[in-house]
Amino acid sequence: MRTFTVEAVVIRTSKYGEGDLLLHLYAPDRGKIEAIAWGCRKPNSTKRGGVQLLNYGLFLIRESKGYYHVEQCEAKESYSHLKGDLPRLLYATYIAELLDQWTEPGYGQPALFQLFLYCLGLLEKGEVPPSLVARFFEAKLMKIEGYQPMLERCASCGRPVKGEVYFSPVLGGVLDGECRRGDAQARPISPAALRLLRLLFRTEPGRLGRVPYSPAAGEEVKEIMEEYIGQRLERRIKSRRVLALVEKPPRGRKER
Ligand SMILES: [Zn+2]
């Protein structure tokens, strides 16, 4: 049995037993931690304030027999403005869900933590359109995880793209008219959406407010990123399953 303190954000909560919650925390060095906060849903619990979804704070965790338990917690930031505004809250919940789906316990990624905290801060301030914050999070998540799509040159032949341009989630980038024939699922991308997509991957945090943004291009990029991330996530989940099989033989198979 040991205890440790981590700074983390609550990225998911689910009911567990009578008055308890199972928390998914995201911490810079440890990545996702799944921990039970016993009794925190009871009215007199001291943990009540710290365990709310999207709270950023300090958590004292006890590890026992491979399970984690929240002993104490203290919120540093509870993002009260974004939580008081439904559209912003929905976008914040969306990026937290994406982070939760994408990560697994025990693998820290400090850059991802910083990105997430930065996007929550933007949603809290409310100066940048929340949908633009979500698109930025998606693009940087892909970049940090090593899935930056090819956006300047054709992902198939490598030539610079001009004229009609298509996006291929499978090949991971744009295609010119000729190479498009090789991928029936590739979809046309408008010049405005391609410009926005390139900017999202290129722009440094802190400069997002200066990115020219039209909701129509944003909507197109949303659909493209949804397909692209979906493809990558599926592959990742498949490889996770394969890894789990290698590490743990299925039940009923006799070891010799
Ligand atoms: Zn090509």
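## A walk around the barrel

Start by selecting residues 20–27 and 31–37: these are strands S2 and S3, which run antiparallel and are joined by 7 bridges. Here strands (E, at least two residues) and helices (H or I, at least four) are DSSP runs, numbered from the N terminus, and two strands pair if DSSP finds at least two bridges between them. You are looking at a predicted model, in which local features need pLDDT of at least 70, side-chain atom pairs count only at pLDDT 80 or more, and totals for chains, interfaces and linings use all residues. Residues are numbered from 1 along each chain as its sequence is written.

Stay on S2 and pick Leu22; across from this residue, in S3, stands Ile36.

Next, add helix H2, residues 86–102, which packs on the sheet and touches S1 (2–16) and S2. Contact means that C-beta atoms, placed from the backbone, lie within 7 Å. The direction of H2 makes about 115° with that of S1; axes are lines fitted to C-alpha atoms, for helices over the stretch in contact, and angles run from 0 to 180 degrees between N-to-C directions.

Now bring in helix H3, residues 110–125, which packs on the sheet against S1, S2 and S4 (56–64), at about 110° to the direction of S2.

Then select S5, residues 67–77, which pairs with S3 in the parallel sense over 2 bridges. Tyr68 in S5 is the bridge partner of Ala35. On to S4, which pairs with S5 in the antiparallel sense over 9 bridges; try Leu58, whose partner in S5 is Glu74. In the hairpin of S4 and S5, with 2 residues between the strands, Lys65 has a positive phi near 50°.

Finally, zoom out: the 5 strands form a closed barrel in the order S1-S2-S3-S5-S4, with mixed pairing, and the twist averages 50° from one strand to the next.

How values were computed. Contact = placed C-beta atoms within 7 Å.
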